[in-house]
Amino acid sequence: MSATIVSTPSFHKRDPAMAAALNRRRRFVDGLVRWLCIIATAVGLFFLASILLTLILRGISSISIITFTTEFRPTTYGDPTAETGGLYHAIMGTLVQTAIGTGVGTPIGLLVGTYLAEYARNSALGNAVRFVSDVLLSAPSILVGLFVYQLVVLPMGGFSGIAGGAALAILVIPVVVRTTEDMLQLIPNTLREAVVGLGAPKWKMVTLVCWRAALSGIVTGILLATARITGETAPLLLTSFGNNVTSFNLGNAMASLPIAIYQQANSGFPDLIDIAWAGALIVTFGVLAINIVARLLLAGRK
Amino acid sequence: MSDTSLPQASAPPATRRTIGSAGDTLFEWLCRGAGLFVLLLLGAIILTLFIGGLPAFREFGLQFLWSSDWNPVEGRESYGALVPMLGTIVTSILAIMLGVPVAFGIAFFLTELAPQWVRRPVGTAIELLAAVPSIIFGMWGLFVLVPFVQNYIQLPFGETLGALPIVGVIFDSNNFAGTSIFAAAMVLAIMILPFIAATMRDVFNQVPPVYKESAYGLGATRWEVMKGVVLPYTRISVVGGIMLGLGRALGETMAVTFVIGNANRMASSIFDPSTTIASVVAMEFPESLMGSLKQSSLLALGFLLFFISFVVLAVSRWLLRSRLK
């Protein structure tokens, strides 16, 4: 494991045959490792391809305009003439809860990220906030569900769309914090000095110059956070629970795409499982599309 | 307070300063308040989980930690954390064992071996794997991976390795559903792969080129440079990246719920069904009665999960601190 391995071959007595053998062995090991790495990369790509192909093959056959316009219907298995259900209720529920989550979480995350980059780069409080935010970024999302259950669902006496939105907002905050701080730190200090040198107060420097300079990066963070919560299932199971009818009442249980997928995939009825695949296709391609847009936005900036 | 105050040098400086500083104080406290809110949030999560789990901790005491009971029958209610806790730890460690070599291979390929034009698209594809929602991994796992594991891993391995003395029992299983600890570990391994690979790639890229070039100059092969220069230089961060993957695996819920079989009993084989803390909470919490002992036990489990993953994530962040700067 030490650097001596590297220099061993050349400093001993030269024996041409031995040197050649050693050389062959070193080349062989190098080639072997290279192939193993190529295989590892192929394995990683294979899994992504397998997931996407499975989704397309099983989802495309059951996706239709009905999927987007109809609510849940109980199984019609064995009755080919019956109308199949759709996911309209779930798509609407996901849109509402994701909007609440992003709308509430983004401003808080933006302010925290600004605090870390502009006010507390090296203060003890800043380091504590940075640490906690990073832990929240990777903390199990189901625990956020349990937290919101205790804090919102119990006092309200039942599952609700607003509780689902609150849980998603908590998940948005650390993502936006991380990207906002990173992007603000990329801004050269000379820009800040120029603004302050003109006599502007610091809050104007931050809001009118720094935020604007980091805009595409901040938007990337918001998009990534939105993508993340669009596919979140576990916290919603404990907060908005899911619903088989379309509901815009934030005080009641609310459907969402991931929960609808979860329930119908485990229903055991082939026709409902087909609808679950259609939903899975919609969610995955929605999430991946947001991710790709976010990446292009960031790439265009550099 | 308007934007026009910037170019107007003629305005009385004293007034401007007070307005500016009032805005400054307000904005600074707004930002600081948001920061304090995040601290408060973490504290509140710990506190609510602990308070919610308190009745269970009171009822069962320390016994809760090593009891494998899970009996919701009224009058004989008894809950213990041992099975889900072991399930969580075993699946996560197996996932690390399966995922880390592959992640290392990907990171090595992307930093040293691949030609430039390959690096970006392949790197992006691996990162997109991290963006796939966990419920999709669950569905794919249930309908694609579980049959594969059952036919091509459980049966042949069970037959050959199951005959071994002592360790054979780990591989020997007569589980016909296919959902098992091993299937869960495999899904977890695929899910944490992109996180570990991305961290490793980033830290490998941080090695000063001069170090690598001097080794190449001595005639070292690429693998020797990796083993003798890059890995020793980055080993702390590499361990940090692995811990980050471990922290993610511990708390993963939906994907595991689909493929682990959700059986709250001791498994003797890695091909037997079991459960994890996160999946037992997801399966049983929504249908448990408000304020019941079962609900409190599930909250207590949540508290334990929080504690375990907090420690792992904190260690990970501490190990990665040099990279973060």
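Which residues is A:Glu118 in contact with, leaving aside its neighbours within four places in sequence? The first legend below gives the reply, and the others visit further spots in this predicted model.

**View 1. A:Glu118 and its surroundings in helix α4 of chain A.** Here we look at a residue of the helix that covers residues 88-119. Once neighbours within four places in sequence are set aside, A:Glu118 is in contact with A:Leu184, A:Arg192, A:Lys202, A:Met205, A:Val206 and A:Cys210. Is A:Glu118 buried or exposed? Its relative accessible area is 9%, and buried means under 20%, so A:Glu118 counts as buried.

**View 2. Chain A as a whole, for orientation.** Before moving on, it helps to step back. Chain A has 13 helices and zero strands, so its elements read as α from the N terminus on, with no other kind among them. The radius of gyration of chain A is 26 Å, well over the 19 Å that the globule rule gives for 302 residues, so the chain is more spread out than a compact globule. Along the principal axes, its C-alpha atoms fill a box of roughly 85 × 65 × 35 Å. Of the 302 residues in chain A, 51% are buried. Chain A exposes about 13,200 Å², and carbon and sulfur atoms supply 69% of that area. Among contacts in chain A with a separation of 6 or more, 73% join residues 24 or more positions apart.

**View 3. A nonpolar patch on the surface of chain A.** Five residues make this patch of about 470 Å²: A:Phe28, A:Leu32, A:Leu36, A:Ile39 and A:Val43. One of them, A:Phe28, is found in helix α2, which spans residues 16-60. With 55% relative accessibility, A:Phe28 counts as exposed, because the cut-off for that word is over 50%. As background, nonpolar side chains in soluble globular proteins tend to be buried together.

**View 4. B:Phe137 in the largest nonpolar core.** This core has 179 residues, and those with the most contacts inside it are A:Ile142, B:Phe137 and B:Phe204. Its largest share, 18 residues, comes from helix α7 of chain B, residues 181-205. Zooming in on B:Phe137, and not counting residues up to four places away in sequence, we find that it touches A:Ile51 from chain A. On the chain B side, B:Phe137 touches B:Leu129, B:Val132, B:Val187, B:Ile190, B:Met191 and B:Ala255.

**View 5. B:Ala282 in helix α11 of chain B.** Which residues of chain A and chain B does this one meet? Leaving aside neighbours within four places in sequence, B:Ala282 is in contact with A:Ile142 and A:Leu237, and also with B:Thr253 and B:Thr257. B:Ala282 is buried, at a relative accessible area of 2%. The C-alpha atoms of B:Ala282 and B:Leu298 are separated by 9.5 Å, and the two residues are 16 residues apart along the chain.

**View 6. Two loop residues with positive phi, A:Phe241 and B:Asn262.** Neither residue is a glycine, as noted for A:Phe241 and for B:Asn262. Phi of A:Phe241 is near 65°, and the residue lies in the loop between α11 (234-239) and α12 (257-265) of chain A. At 30% relative accessibility, A:Phe241 counts as partly exposed. B:Asn262 has a phi of about 50° and sits in the loop between α10 (254-259) and α11 (277-284) of chain B. With a relative accessible area of 26%, B:Asn262 is partly exposed.

Terms used:
Residues are numbered from 1 along each chain as its sequence is written. Chains are lettered from A and ligands numbered from 1 in the order in which they are written. This is a predicted model: local features need pLDDT of at least 70, side-chain atom pairs count only at pLDDT 80 or more; totals for chains, interfaces and linings use all residues. Side-chain values use heavy atoms; hydrogens and water are left out. Patches are made of residues with over 30% relative accessible area and no salt bridge: like charges are joined within 9 Å, nonpolar side chains (Val, Leu, Ile, Met, Phe, Trp, Tyr) within 5 Å. Accessible areas come from the Shrake-Rupley method with a 1.4 Å probe; for residues, only the protein chains shown count as cover. A salt bridge is a side-chain nitrogen of Lys or Arg within 4 Å of a carboxyl oxygen of Asp or Glu. Helices (H or I, at least four residues) and strands (E, at least two) are DSSP runs, numbered from the N terminus. Buried means under 20% relative accessible area, exposed over 50%, partly exposed in between (1.4 Å probe, protein chains only). A nonpolar core is a set of buried Ala, Val, Leu, Ile, Met, Phe, Trp, Tyr and Cys residues joined through side-chain atoms within 4.5 Å. Contact means heavy atoms within 4.5 Å. The radius of gyration is taken over C-alpha atoms; the globule rule is 2.2 Å times the number of residues to the power 0.38.
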